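Reader: Hello! I am new to this structure and would love a close look at one part of it.

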Amino acid sequence: MVRSEAYGLYHAVNTGAVSWYEFAREAVRQAGADITLEPIPAEQWQAPAVRPRFSALSNAKLAGLGIAMPSWRDGLAAYLGSLGVSAGLS
């Protein structure tokens, strides 16, 4: 059976892989906040679930439909802008 319509599970995430530390660092930078962040290894989180070392989601199915997602930095800037925060953008 050949399907011509979109079906199934679709991940919709901004493009580009980023760690939580990198995301927080960029949020602080974009907000113009004077905050010092210190990365910690995932082992120190003591999360109840075991997490893979790399688990970025893929937009491959969206791309196949011609849908392009913005970068995570642009998405973060748009979100912070919706909150009225844009002091640190360069």
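Which residue follows helix 3, and what is the sign of its phi?

Author: Happy to help! This is a predicted model, in which local features need pLDDT of at least 70 and side-chain atom pairs count only at pLDDT 80 or more, while totals for chains, interfaces and linings use all residues. Residues are numbered from 1 along each chain as its sequence is written, and side-chain values use heavy atoms, with hydrogens and water left out.

The residue after helix 3 is G84, and its phi is positive, near 85°. Helices here are DSSP runs (H or I, at least four residues), numbered from the N terminus.

Now for helix 3 itself, which spans residues 72-82: its buried residues are W72, G75, L76 and L80. Buried means under 20% relative accessible area and exposed over 50%, with partly exposed in between (1.4 Å probe, protein chains only). Looking down the axis of helix 3, the buried residues fall within an arc of 130°, so they line one face of the helix. That arc is taken from the directions from the helix axis to the C-beta atoms. On the face turned away from the buried side sit the exposed residues A78 and S82.

What lies over the buried residues? Helix 1 (20-31) is part of the cover of helix 3's buried residues, where contact means heavy atoms within 4.5 Å.

Finally, a look along the chain from G81: its C-alpha atom and that of R51, 30 residues apart along the chain, are separated by 31 Å. R51 lies in the loop between helix 1 and helix 2 (60-64), and R51 is exposed, with a relative accessible area of 59%.

How values were computed:
Helices (H or I, at least four residues) and strands (E, at least two) are DSSP runs, numbered from the N terminus.
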